[in-house]
Amino acid sequence: MQPNTETAFSPKDDSPDAPVARAQALVPKLRARQAETEKAGHVLPEAIASFQAADLYRVVQPKKYGGYEYGIDTFVRVAMAIASGCGSTGWVFSTGAQHQWQIGLFAPEAQEEIWGSDRTALAASSYAPTGVAMAEGDGYRLSGKWSFCSGVDTAQWILLGVRISPAEGVEPTQVGFALIPKSDYRIEENWDVLGLIGTGSNDLVIEDAYVPAYRIITHAESQSGKPPGAAINESGLFKVPFFAGISYCLCSAILGMARGALEDYLEGMRDRVTRGAAMGASKNVAEFQSIQLRIAEASSSINAAETLVLRDTKEIMDIMEVGQELTEAQRVRNKGNIAFAVKLSVQAVDLLFESVGGQGLHSQNRVQRAWRDIHAASKHISMNWDAVATLYGRSQLGLPPGPAQY
């Protein structure tokens with residue numbers, strides 16, 4: 001199939017720095033809409049429209065369908081900027097924008113079906129393989145229920161983890177991902193949580209949907225460096241093994257939340273004065289050495305986390321562009337670095353929130369909201385330091401990695 005030429009796209013730029021700047025320009029409005037986003041329970045349509053207008057969803061989208069095909073390192077910078085404005089919005093943007101890369105791994109027919117008539121189409125996801133795709137004719141019959149479908153209200157498609165059975169009554173023999181249109185699933189609105197309230201990460205149910213074979217990709221194919229989509233998307237971006245790249249969408253959002261919390265904290269502390277001091281005396285809180293120490297440690301932690309992740313993602317892209325492959329040791333190291341960067345970010349926000357005072361009790365306080373959001377986000381299994389650190393440690397000791405993906 002050929003792409004629809006009626007939706008021809010003229011890029012705004014040819015510099016990876018340009019979409020980063022456009023993302024940063026959106027931050028003030030995202031911050032102003034944080035409370036409204038939480039109240040709505042999903043990302044606001046005007047936020048999605050602003051990302052589309054700024055071409056931010058095109059950062060890692062295939063050029064064949066109007067994307068820039070920038071590297072994962074550029075994607076990380078864009079996603080961090082958006083999440084610094086609003087944690088919930090950043091989480092949904094980051095996952096949705098990186099799905100544009102994942103869709104590029106699928107067979108050409110799948111990409112054409114999604115983007116052939118609408119190059120702005122987006123996908124949400126839920127990767128736990130809680131449904132079974134059973135072979136039927138030239139495709140599969142799929143049923144199941146999936147949870148934590150972040151941004152499902154804003155997307156036209158969903159990427160779902162599935163177990164693949166070769167025939168009725170036969171146990172699944174493979175695991176993979178299925179691309180499903182909105183018409184084939186229903187949403188169960190049950191997202192009632194402490195943090196990331198505005199992500200609308202509701203459950204999704206599919207009852208007996210037919211899925212063409214080209215809309216399913218196995219884990220093995222997505223990890224191979226030669227996925228079906230590489231037939232039309234030839235850049236190194238689409239040779240990155242899926243599990244070596246996908247966790248950066250969550251990590252980037254978390255790093256952005258930490259950066260946003262620091263900026264909000266500094267804004268609140270610069271001119272804040274104590275109350276209740278003896279005989280009406282007051283003091284600028286910025287003069288407190290304890291506050292200065294917390295700011296310094298939080299800033300250095302966030303800087304270190306960002307530097308670590310950007311170094312690794314640049315290395316990934318450099319390796320892909322010269323036609324080489326990531327070694328197992330590099331992939332395990334990167335997985336450990338992602339989780340450690342998240343750990344540093346959470347600790348940084350904890351340092352700030354612990355000293356924000358009574359103002360942090362108010363639901364409208366942005367540092368308080370960042371604290372809730374980053375703790376919710378860090379609970380994702382792929383960000384779990386205990387589990388990932390064990391994998392990293394085993395690797396360095398020469399032990400087999402175990403069941404974890406990397």
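## Exercises: strand pairing and helix packing

S3 and S4 pair in the antiparallel sense over 8 bridges. Two strands count as paired if DSSP finds at least two bridges between them. The model is predicted: local features need pLDDT of at least 70, side-chain atom pairs count only at pLDDT 80 or more, and totals for chains, interfaces and linings use all residues. Residues are numbered from 1 along each chain as its sequence is written, and side-chain values use heavy atoms, with hydrogens and water left out. Helices (H or I, at least four residues) and strands (E, at least two) are DSSP runs, numbered from the N terminus.

**Exercise 1. Place S3 in its sheet.**

Step 1. Start with the strand order. 7 strands form an open sheet, S5-S6-S2-S1-S3-S4-S7, with mixed pairing. The edge strands, S5 (186-188) and S7 (216-218), each pair on one side only.

Step 2. Take the neighbours of S3. With S1, the pairing is parallel over 8 bridges. Ser125 stands opposite Leu159 in S3. On the S4 side, Ile164 has Gln174 as its bridge partner.

Step 3. Check burial (under 20% relative accessible area, 1.4 Å probe, protein chains only). In S3, 8 of the 9 residues are buried.

**Exercise 2. Describe how S2 and S6 pair.**

Step 1. Find the sense. S2 (residues 139-149) and S6 (residues 202-212) run antiparallel, with 8 bridges.

Step 2. Pick one pair. Tyr140 has Val211 of S6 as its bridge partner.

**Exercise 3. Determine how H1 and H4 pack.**

Step 1. Choose the descriptors. Two packed helices are described by the angle and the distance between their axes.

Step 2. Read the geometry. The axes of H1 (residues 17-32) and H4 (residues 72-85) come within 7 Å and cross at roughly 10°. These axes are lines fitted to C-alpha atoms over the stretch in contact, with angles from 0 to 180 degrees between N-to-C directions.

Step 3. Classify. Angles under 35 degrees count as roughly parallel. H1 and H4 are therefore roughly parallel to each other.

Step 4. List the contact (heavy atoms within 4.5 Å). H1 contributes residues including Val20, Ala23 and Val27, and H4 contributes residues including Val78, Ala81 and Ile82. The contact residues divide into 9 nonpolar, 4 polar and 3 charged. Here Ala, Val, Leu, Ile, Met, Phe, Trp, Tyr, Cys and Pro count as nonpolar, Asp, Glu, Lys and Arg as charged, and the others, Gly among them, as polar.

Step 5. Check the cover on H4. Of its 14 residues, 13 are buried.

Methods:
Angles under 35 degrees count as roughly parallel, over 145 as roughly antiparallel, 65 to 115 as roughly perpendicular and the rest as oblique. Buried means under 20% relative accessible area, exposed over 50%, partly exposed in between (1.4 Å probe, protein chains only).
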